[in-house]
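Trainee: Could we go through this structure together, step by step, beginning with its overall plan and then turning to its details?

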Amino acid sequence: MYEKGPHIVLRRAGVCIVAKTLDGDMPQIEYWGRDFAFDTAEDALRQLDMRAI
């Protein structure tokens, strides 16, 4: 479901944003919601894919 590629994870006050960061383009928000305390963007996307099924 979520696209492969470079991502960043931003966290603050219990909220997490996972954004895809393409060179020369605006970031795409892949997830914005409750912070599940993922270690990396790849971990976050893998877990979100499993939850979406």
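Mentor: Before we start, helices and strands here are runs assigned by DSSP, with at least four residues for a helix and at least two for a strand, and they are numbered from the N terminus. Please also keep in mind that this is a predicted model.

Trainee: Which pattern does the protein chain follow when it is read along the sequence?

Mentor: The protein chain holds one helix and three strands. Reading along the sequence and writing β for a strand and α for a helix, we obtain the pattern β-β-β-α.

Trainee: In what order do the three strands stand in the sheet, and which of them are at the edges?

Mentor: The three strands form an open sheet with antiparallel pairing, in the order 1-2-3. Strand 1 (7-12) and strand 3 (28-34) each have a single partner strand, so one side of each is left without a neighbour in the sheet. From one strand to the next, the twist averages 15°. The order is therefore 1-2-3, and the strands at the edges are strand 1 and strand 3.

Trainee: How many bridges join strand 1 and strand 2, and which residue of strand 2 stands opposite Arg11?

Mentor: In general, strands of a sheet pair through backbone hydrogen bonds, and the pairing may be parallel or antiparallel. Here strand 1 and strand 2 pair in the antiparallel sense over six bridges. The hairpin that these two strands make has two residues between the strands, and Ala13 takes a positive phi near 50° in this hairpin. As for the residue of strand 2 that stands opposite Arg11, it is Cys16.

Trainee: Which element supplies the largest share of the largest nonpolar core?

Mentor: That core has seven residues, namely Cys16, Val18, Tyr31, Phe38, Ala44, Leu45 and Leu48. Strand 2 (15-20) and helix 1 (41-52) each supply at least two of them. The largest share, three residues, comes from helix 1.

Trainee: Is Leu45 buried or exposed?

Mentor: Leu45 is found in helix 1, and its C-alpha atom is separated by 9.2 Å from that of His7, although the two residues are 38 residues apart along the chain. A residue counts as buried when its relative accessible area is under 20%. Because Leu45 has a relative accessible area of 9%, it is buried.

Trainee: Which residues meet in the one salt bridge that a search of the whole structure finds?

Mentor: The pair links distant parts of the chain, 24 residues apart, with one partner in strand 1 and the other in the loop between strand 3 and helix 1. Both partners count as partly exposed, Asp35 at 24% relative accessibility and Arg11 at 39%. Their side chains meet at 3.0 Å, N to O, and the residues are Asp35 and Arg11.

Trainee: Where does Ile29 lie, and what is the accessible area of the nonpolar surface patch it belongs to?

Mentor: Ile29 lies in strand 3, and at 48% relative accessibility it counts as partly exposed. On the surface, Ile29 forms a nonpolar patch with Val15 and Trp32, and together they have an accessible area of about 330 Å².

Technical notes
Residues are numbered from 1 along each chain as its sequence is written. This is a predicted model: local features need pLDDT of at least 70, side-chain atom pairs count only at pLDDT 80 or more; totals for chains, interfaces and linings use all residues. Side-chain values use heavy atoms; hydrogens and water are left out. A nonpolar core is a set of buried Ala, Val, Leu, Ile, Met, Phe, Trp, Tyr and Cys residues joined through side-chain atoms within 4.5 Å. Buried means under 20% relative accessible area, exposed over 50%, partly exposed in between (1.4 Å probe, protein chains only). Two strands pair if DSSP finds at least two bridges between them. Axes are lines fitted to C-alpha atoms, for helices over the stretch in contact, and angles run from 0 to 180 degrees between N-to-C directions. Patches are made of residues with over 30% relative accessible area and no salt bridge: like charges are joined within 9 Å, nonpolar side chains (Val, Leu, Ile, Met, Phe, Trp, Tyr) within 5 Å. Accessible areas come from the Shrake-Rupley method with a 1.4 Å probe; for residues, only the protein chains shown count as cover. A salt bridge is a side-chain nitrogen of Lys or Arg within 4 Å of a carboxyl oxygen of Asp or Glu.
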